[in-house]
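Work through these short exercises with the structure in view. Try each task before you read its solution.

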Amino acid sequence: MITDECINCDVCEPECPNDAIYMGAEFYEIDPHKCTECVGHFDEPQCVQVCPVACIPIHPEHVESRETLWQKFERLAAAKAKAVAAQSQAPSAGA
Ligand code: SF4
Ligand code: SF4
């Protein structure tokens, strides 16, 4: 999660491999359904690594085991592959 100490510096958002970070009403937020704590991509959470004000703690309501995070990574990867496959099969405009 991102706390209200966030200064909206925009640094974390492009670093997320899961596109889980987005601009909320007042400051950046993390979609917990998309965040794998970077499991499957990196050894350390990338947003935490780059945040200059250290305002990205683990959400107390979303404490997840590495196994659970890995399963989430696999679900997200499968959904992404499916979306890409569907896109490549869609007829192109004017065809
Ligand atoms: S921990 Fe990783 S996956 Fe989660 S929001 Fe940060 S960069 Fe994205
Ligand atoms: S890196 Fe930290 S301060 Fe900057 S936008 Fe992300 S959460 Fe906010």
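A residue counts as near a molecule if its C-beta atom, placed from the backbone, lies within 6 Å of it. Keep in mind that this model is predicted.

**Exercise 1.** Find how many residues surround ligand 1, and name the closest.

*Solution.* Start with the count: 13 residues surround ligand 1. Next, pick out the closest: Cys16, Cys35, Cys38, Pro45 and Cys47. Then sort the shell by type: eight residues are nonpolar, three polar and two charged.

**Exercise 2.** Do the analysis again for ligand 2: which residues come nearest?

*Solution.* The shell of ligand 2 holds 14 residues. Those that come nearest are Cys6, Cys9, Val11, Cys12 and Cys51. By type, the shell divides into twelve nonpolar residues, one polar and one charged.

**Exercise 3.** List the residues of the largest nonpolar core, then look at the contacts of cysteine 35.

*Solution.* The largest nonpolar core has ten residues. They are Cys12, Cys16, Ala20, Ile21, Tyr28, Ile30, Cys35, Cys47, Cys51 and Ile56. Now take cysteine 35 and set aside its neighbours within four places in sequence. Its contacts are then Asn18, Ala20 and Ile30. In soluble globular proteins, nonpolar side chains tend to be buried together.

**Exercise 4.** Describe the fold: in what order do the elements run, and why is the protein called more spread out than a compact globule?

*Solution.* Count first: there are two helices and two strands. From the N terminus on, their order is β-β-α-α. Now compare sizes. The radius of gyration is 16 Å, well over the 12 Å that the globule rule gives for 95 residues, so the protein is more spread out than a compact globule. Finally, check burial: 18% of the 95 residues count as buried.

Key. Residues are numbered from 1 along each chain as its sequence is written. Chains are lettered from A and ligands numbered from 1 in the order in which they are written. This is a predicted model: local features need pLDDT of at least 70, side-chain atom pairs count only at pLDDT 80 or more; totals for chains, interfaces and linings use all residues. Ala, Val, Leu, Ile, Met, Phe, Trp, Tyr, Cys and Pro count as nonpolar, Asp, Glu, Lys and Arg as charged, and the others, Gly among them, as polar. A nonpolar core is a set of buried Ala, Val, Leu, Ile, Met, Phe, Trp, Tyr and Cys residues joined through C-beta atoms within 7 Å. A residue is buried if 20 or more other C-beta atoms lie within 10 Å of its own, exposed if 12 or fewer, and partly exposed in between; C-beta atoms are placed from the backbone. Two residues are in contact if their C-beta atoms, placed from the backbone, lie within 7 Å. Helices (H or I, at least four residues) and strands (E, at least two) are DSSP runs, numbered from the N terminus. The radius of gyration is taken over C-alpha atoms; the globule rule is 2.2 Å times the number of residues to the power 0.38.
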